[in-house]
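Visitor: Could you walk me through this one? I'd like to hear how each label is earned.

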Amino acid sequence: MPSRTTRASASPLFVPRKSDRRTARAARHQFAAARDQARHAARPEARPTAPGLDPELRATYPAAGRPGPASARGGRLKLPAHRMTTATASGAYPFLAEGGLGAQGIYIGRDVHAEAAFTYDPFALYGRLDGFTNPNILLAGIIGMGKSALAKSLAVRAVAFGYRIYVPCDPKGEWTVVAQQLGGQTIALGPGLPGRLNPLDAPARPYGISEEDWASEVRKRRLLLLGSLAKTVLGRELHPMEHTALDVALDQVVAYAEANGTTPLLGEVAYVLGSPERLDAALGELSGRLGHAAEDLAHALRRLVHGDLAGMFDAPSTVAFDPSAPMLSIDLSRLGGAGDDTALVLAMTCASAWMESALADPAGGRRWVIYDEAWRVMRHVALLERMQSQWKLSRGLGIANLMVIHRLSDLLAAGDAGSRGRALAEGLLTDCSTRIIYRQEADQLASAASLLGLTGVETQAVSALTKGRGLWKVAGRSFITQHLLHPQERELFDTDARMGAITRP
């Protein structure tokens with residue numbers, strides 16, 4: 001038989017008008033009893049209690065909450081006002097999101113926690129954000145997580161803000177199509193290619209610098225370049241007499257070039273180093289000690305003249321640096337493909353010296369210098385020293401350096417603890433006020449947390465980041481940002497084209 005639901009109710013009982021007080025009181029008690037009985041009858045049947053619990057226990061308030069004005073519904077709850085700083089509020093209310101870096105800057109994508117647009121511009125943040133001491137950026141992430149797309153997107157969007165982009169080393173040739181789309185220039189270097197760069201070219205003298213001071217500066221840069229090349233090939237620091245031999249050889253070559261109205265070349269410096277009688281005669285050494293000390297230097301520079309880099313850096317430049325071009329990249333994809341990065345590092349050193357000579361003009365405007373695949377040069381101290389100099393001068397020259405690596409442990413590959421290479425690599429990281437970390441493998445989390453000072457929550461977040469999503473640490477502030485690409489950018493930056501399906505005719 002189907003169950004029926006009986007609705008109980010209570011209403012005031014009829015009391016005769018001329019009844020006495022006792023009768024009226026009894027009627028009121030009866031009404032109260034009937035009302036309580038109706039109220040209990042309207043409640044749903046209580047669920048069976050678990051064994052061991054007192055069946056007489058009831059909830060203090062019904063499931064709908066406390067009834068009456070005491071429930072604080074309708075905004076009737078009055079509390080005294082309390083003022084606090086946002087730092088205190090973030091501790092008291094940990095689910096508040098960061099306010100972002102402001103609306104001024106390059107659009108990156110979406111702030112995941114704040115559900116708002118995320119913009120970034122190192123030049124706009126410098127001097128405005130506490131703790132933001134330099135415009136340099138570190139970008140790290142494993143393959144396939146979108147770090148290359150972010151670097152290219154930053155470059156393309158920065159051009160719209162009037163910035164110029166320079167890529168001194170493109171070991172994969174991925175930046176060529178980007179430079180072409182922006183109306184820039186690409187210089188391809190390699191065996192059999194027509195491109196030539198003379199790293200000993202002297203840039204135009206900046207305004208406000210005397211000829212004597214500028215000549216001294218150009219000489220210092222040329223000596224640093226020659227020393228870097230020699231140390232890279234020899235794999236060691238130069239001896240004092242080797243430094244002297246470089247000084248003497250460079251001075252002789254420059255004097256001869258000025259007398260004939262030409263530009264000094266690396267081949268001429270290598271020839272003088274291989275001529276002991278010329279070195280000894282120039283220095284006044286009759287014992288022949290200087291010429292003997294320069295033998296290793298002569299063989300080291302010979303690789304740039306007659307070795308696998310012959311013809312690329314030992315001839316007059318076939319291209320000129322155009323400071324008005326929106327983008328300039330140097331394609332070195334023809335080098336370093338056999339597993340030996342020495343040729344690539346030598347070429348990058350020469351190309352960087354040629355490009356940096358033009359970047360030295362403080363009136364050249366604000367520029368981005370992007371070191372793609374920088375992990376390949378972490379084992380070469382000479383190139384790290386050049387990069388450190390570029391990092392230190394970034395503020396004075398108006399340059400934002402962007403270093404792209406795969407793992408944070410790549411910085412540790414520069415040398416053992418306490419070595420010169422390790423100190424230089426860690427110094428580059430210290431001089432980056434912006435660190436962008438894409439997903440890292442589980443075995444890399446400990447080194448990443450140690451080098452970057454990540455909290456436990458940040459470390460866990462890095463291990464679970466998806467494609468295009470990264471942890472941005474900007475002057476001590478942290479953001480989880482989803483990089484958003486325009487469809488044309490996605491097509492332009494596609495680095496997985498060869499992994500797609502092969503279409504046959």
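Guide: Helices here are DSSP runs of H or I with at least four residues, strands are runs of E with at least two, and both are numbered from the N terminus. Just after one such helix, α7, Gly261 takes a positive phi of about 70°. Keep in mind that this is a predicted model: local features need pLDDT of at least 70, side-chain atom pairs count only at pLDDT 80 or more, and totals for chains, interfaces and linings use all residues. Residues are numbered from 1 along each chain as its sequence is written, and side-chain values use heavy atoms, with hydrogens and water left out.

Visitor: How do you know what span helix α7 should have?

Guide: The expected span is 1.5 Å times one less than the number of residues. For the 21 residues of α7 (240-260) that gives 30 Å, and the end C-alpha atoms sit 31 Å apart, so the two agree.

Visitor: Which residues of α7 are buried?

Guide: Buried means under 20% relative accessible area (exposed is over 50%, partly exposed in between, with a 1.4 Å probe and protein chains only). Among those that pass in α7 are Glu242, Leu246, Val253 and Ala257. Their cover includes α6, α8, α9, α10 and α11.

Visitor: What is the packing angle between α6 and α13, and why does it get its label?

Guide: Axes are lines fitted to C-alpha atoms, for helices over the stretch in contact, and angles run from 0 to 180 degrees between N-to-C directions. Helices α6 (211-234) and α13 (381-392) pack at about 150°, axes 8 Å apart. That makes α6 roughly antiparallel to α13, because the label needs over 145 degrees (under 35 is roughly parallel, 65 to 115 roughly perpendicular, the rest oblique).

Visitor: Which residues meet there?

Guide: Contact means heavy atoms within 4.5 Å. Leu224, Leu225, Ser228, Lys231 and Thr232 in α6 meet Ala382, Glu385 and Arg386 in α13.

Visitor: What makes Phe118 and Trp472 an aromatic pair, and of which type?

Guide: Rings of Phe, Tyr and Trp (its six-membered ring) pair if their centres lie within 6.5 Å; planes under 30 degrees apart are stacked, over 60 edge-to-face, the rest tilted. Phe118 and Trp472 are 5.2 Å centre to centre with 65° between the planes, which is edge-to-face. Phe118 is in strand β2 and Trp472 in strand β10, 354 residues apart.

Visitor: And what type is the pair of Tyr371 and Trp391?

Guide: Tilted, with 45° between the planes and 5.5 Å centre to centre. Tyr371 is buried at 3% relative accessible area, and Trp391 is buried at 2%.
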